[in-house]
Amino acid sequence: MNISIFSVGKLKEKYLKQGIDEYLKRLGPYAKVEVIEVADEKAPENLSEVEMEQVKDKEGERILAKISDDTYVIILAIQGKMLSSEELAREIDQLATYGKSKIAFVIGGSLGLSKAVEKRADYALSFSKMTFPHQLMRLVLVEQVYRAFRIIRGDAYHTKP
């Protein structure tokens, strides 16, 4: 299985990079996982609604340009469906069972996702009703993907024996 995690902006925090790298290394035996950063759109602090949409549209175009037509797209969105770790594992396992070998998780920028990215999505996933920094969500997501594969394989990690 090939999993891509798309995220807007450069990750600068060393501790987050280290955590993500650790989980990517652990994921090696289960799947090919890559984190793809797309440039964020530079914008002033006080944007109008129209300007916010323009920023999201430009970031969305960068994301969509890198996603192939045969990729199953899961966006991270507050209004998405909340799943337990076991349910996420079942979703990933089902995708593999039905021949979806390319999965893309998409984390929006600080303003969120464009309507075009939302429209392209096959699934909207929510980790919480709370808002998290998009940089931190990379780490949380990659850990949950690792946890999902451990659950699928029945390996110890998710539950203590």
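This passage describes the sheet and selected helices of a predicted model.

The strands of the model are arranged in an open sheet of five, in the order 2-1-4-3-5 and with parallel pairing. The edges of this sheet are formed by strand 2 and by strand 5 (123-126), each of which pairs on one side only. When direction is ignored, neighbouring strands of the sheet are turned against each other by 30° on average.

Strand 1 (residues 2-8) is joined to strand 2 (residues 32-38) by seven bridges, and the two strands run parallel. Within this pairing, Ser-7 stands opposite Glu-37 of strand 2. The connection between strand 1 and strand 2 passes through helix 1 (residues 14-27), and the resulting β-α-β crossover is right-handed. Strand 1 is also joined to strand 4 (residues 102-107), in this case by six bridges, and again the two strands run parallel. Here Ser-4 is the residue that stands opposite Ala-104 in strand 4. In general terms, the side chains of a regular strand alternate between the two faces of the sheet.

Helix 5 (residues 134-153) comprises 20 residues and reaches 29 Å from its first C-alpha to its last, a span close to the 28 Å expected at 1.5 Å a residue. Of the 20 residues of helix 5, 14 are buried, and the helix is therefore largely enclosed by the rest of the structure; the cut-off applied for a buried residue is a relative accessible area under 20%. Just after helix 5, the chain continues with Gly-154, which takes a positive phi of about 75°.

The relation of helix 5 to helix 1 can be described next. The packing of two helices is described by the angle between their axes and by the distance between the axes. For helix 1 and helix 5, the axes come within 9 Å and cross at roughly 20°. Helix 1 is therefore roughly parallel to helix 5, given that angles under 35 degrees count as roughly parallel. The crossing in which helix 1 passes helix 5 is left-handed.

A further position considered is Glu-86, which is found in helix 3 (residues 85-97). With a relative accessible area of 33%, Glu-86 is classed as partly exposed, because this class lies between the limits of 20% for buried and 50% for exposed residues. Glu-86 and Leu-111 lie 25 residues apart along the chain, and their C-alpha atoms are separated by 30 Å.

How values were computed
Residues are numbered from 1 along each chain as its sequence is written. This is a predicted model: local features need pLDDT of at least 70, side-chain atom pairs count only at pLDDT 80 or more; totals for chains, interfaces and linings use all residues. Side-chain values use heavy atoms; hydrogens and water are left out. Helices (H or I, at least four residues) and strands (E, at least two) are DSSP runs, numbered from the N terminus. The expected span of a helix is 1.5 Å times one less than its number of residues. Buried means under 20% relative accessible area, exposed over 50%, partly exposed in between (1.4 Å probe, protein chains only). Two strands pair if DSSP finds at least two bridges between them. A crossover is right-handed if, with the strands pointing away from the viewer, the path from the first strand over the helix to the second runs clockwise. Axes are lines fitted to C-alpha atoms, for helices over the stretch in contact, and angles run from 0 to 180 degrees between N-to-C directions. Angles under 35 degrees count as roughly parallel, over 145 as roughly antiparallel, 65 to 115 as roughly perpendicular and the rest as oblique. A crossing is left-handed if the near helix is turned anticlockwise from the far one by less than a right angle, and right-handed if clockwise.
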